[in-house]
Amino acid sequence: MSVPRALPPRPIPLALGLAALALFMAPLLAAQEMALDNGRVRAAFNDRGLVSIAAPKTGRLLTFSADPSSVTIDGATMDIGGLGPAEIEMTPARMGYRYVRDPFTFDVVYELKPGWAFLTKQIVVTSARRGAF
């Protein structure tokens with residue numbers, strides 16, 4: 001008399017299902033996370049920069065089709081957003097985009113601190129060369 005053996009669990013379909021779920025959910029989670037909100041102002045971002053500013057209490061919303069930034073150094077104008085994908089860093093009050101074009105590093109930084117009714121945008125340029133410019 002033979003005893004039927006139980007088949008081992010099949011982790012592959014479960015792993016594939018979890019991977020598919022992660023791929024589906026990643027854009028939704030990323031879109032939700034790329035925002036600064038202090039209760040008075042809500043600024044939403046994508047991988048290229050600012051896409052909207054809202055005042056939730058009044059219902060006002062301002063959207064942007066693009067968020068261009070450019071600087072001129074030694075007579076040469078550089079379209080910062082055209083330098084390629086940015087390295088993105090976010091904290092609760094700050095969204096930063098870093099672009100590199102040797103010898104320069106461009107940091108485009110947005111800040112929304114508690115109590116502020118405005119959003120700031122700064123462009124910080126640093127150079128690997130010695131000396132000031």
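A pocket, for this talk, is an open set of grid points with protein on both sides within 12 Å along at least five of seven lines. A residue lines a pocket when one of its atoms comes within 4 Å of such a point. Keep that in mind, and please remember that this is a predicted model.

So, the largest pocket. Its lining has 14 residues. Arg48, Gly49, Ala66, Asp67 and Pro68 lie nearest the centre. The volume of this largest pocket is about 160 Å³. What kinds of residue line the largest pocket: how many nonpolar, polar and charged? Five are nonpolar, six are polar and three are charged. Which strand gives the largest share of that lining? Strand β3, residues 49-55, with three residues.

Now step back to the whole chain. The chain has 133 residues, and 25% of them are buried. The secondary structure comes to one helix and 10 strands. Read along the sequence, the helix is followed by the strands: α-β-β-β-β-β-β-β-β-β-β. Now contacts. Take those between residues at least 6 apart in sequence: 35% of them join residues at least 24 apart.

Next, the sheet that holds β3. This is an open sheet of four strands, in the order β1-β2-β3-β4, and the pairing is antiparallel. Which strands are at the edges? They are β1, residues 35-37, and β4, residues 60-63, and each pairs on one side only. From one strand to the next, the twist averages 15°.

Look at one pair inside this sheet. Strand β2, residues 42-46, runs antiparallel to β3, and five bridges join the two. For one pair of facing residues, find Arg42, which stands opposite Ala54 in β3.

Stay on β3 and find Ser52. Is Ser52 buried or exposed? The cut-off for buried is under 20% relative accessible area. Ser52 has 12% relative accessibility, so Ser52 counts as buried. What does Ser52 touch, leaving aside neighbours within four places in sequence? The contacts are Arg42, Ala43, Ala44, Leu61, Leu62, Thr63 and Phe64. Take Phe64 from that list. Ser52 and Phe64 are 12 residues apart along the chain, yet their C-alpha atoms are separated by 5.8 Å.

Between the two sheets in my talk, a short stop at Asp74. Asp74 sits in the loop between β5, residues 70-73, and β6, residues 76-79. Most residues other than glycine have a negative phi. Asp74 is not a glycine, but its phi is positive, about 50°. The cut-off for exposed is over 50%. Asp74 reaches 69% relative accessibility, so Asp74 counts as exposed.

On to the other sheet. This one is also open and has four strands, in the order β7-β8-β9-β10, with antiparallel pairing. Why is one side of β7 and of β10 left without a neighbour in the sheet? Because β7 and β10, residues 120-127, stand at the edges, each with a single partner strand. Neighbouring strands here are turned by 15° against each other on average, direction ignored.

Walk through the strands with me. Strand β7 covers residues 87-91, and β8 covers residues 94-101. They run antiparallel, joined by five bridges. How many residues lie between β7 and β8? Two, and the strands form a hairpin. On this hairpin, Glu89 stands opposite Gly96 in β8.

Then comes β9, residues 104-111. β8 and β9 pair in the antiparallel sense over eight bridges. One example is Arg98, whose bridge partner in β9 is Asp107.

Now the loop between β8 and β9, where Pro103 is found. Most peptide bonds are trans. Is the bond from Asp102 to Pro103 cis or trans? It is cis, with omega near 10°.

Last residue: Thr105, in strand β9. Thr105 has 18% relative accessibility, so Thr105 counts as buried. Not counting residues up to four places away in sequence, Thr105 touches Arg98, Tyr99, Val100, Val124, Val125 and Thr126. Of these, Arg98 is the residue we met as the bridge partner of Asp107.

One general point to take to the structure on screen. In a regular strand the side chains alternate between the two faces of the sheet.

To close, a quick recap. There are two open sheets of four strands to find: β1-β2-β3-β4 and β7-β8-β9-β10. Ser52 is buried in the model, and Asp74 is exposed. Thank you.

Methods:
Residues numbered from 1 in each chain as written. Predicted model: local features only at pLDDT ≥ 70, side-chain atom pairs only at ≥ 80, totals over all residues. Heavy atoms only, no water. Pairing = 2+ DSSP bridges. Axes fitted to C-alpha atoms, helices over the stretch in contact; angles between N-to-C directions. 1 Å grid on protein atoms, 1.4 Å probe; cavity = no way out; pocket = protein on both sides within 12 Å on 5 of 7 lines; lining within 4 Å. Points joined across faces, edges and corners; volume = space filled by probe spheres on them. Nonpolar A, V, L, I, M, F, W, Y, C, P; charged D, E, K, R; others polar. Buried < 20%, exposed > 50% of the residue type's maximum accessible area, 1.4 Å probe, protein only. Contact = heavy atoms within 4.5 Å.
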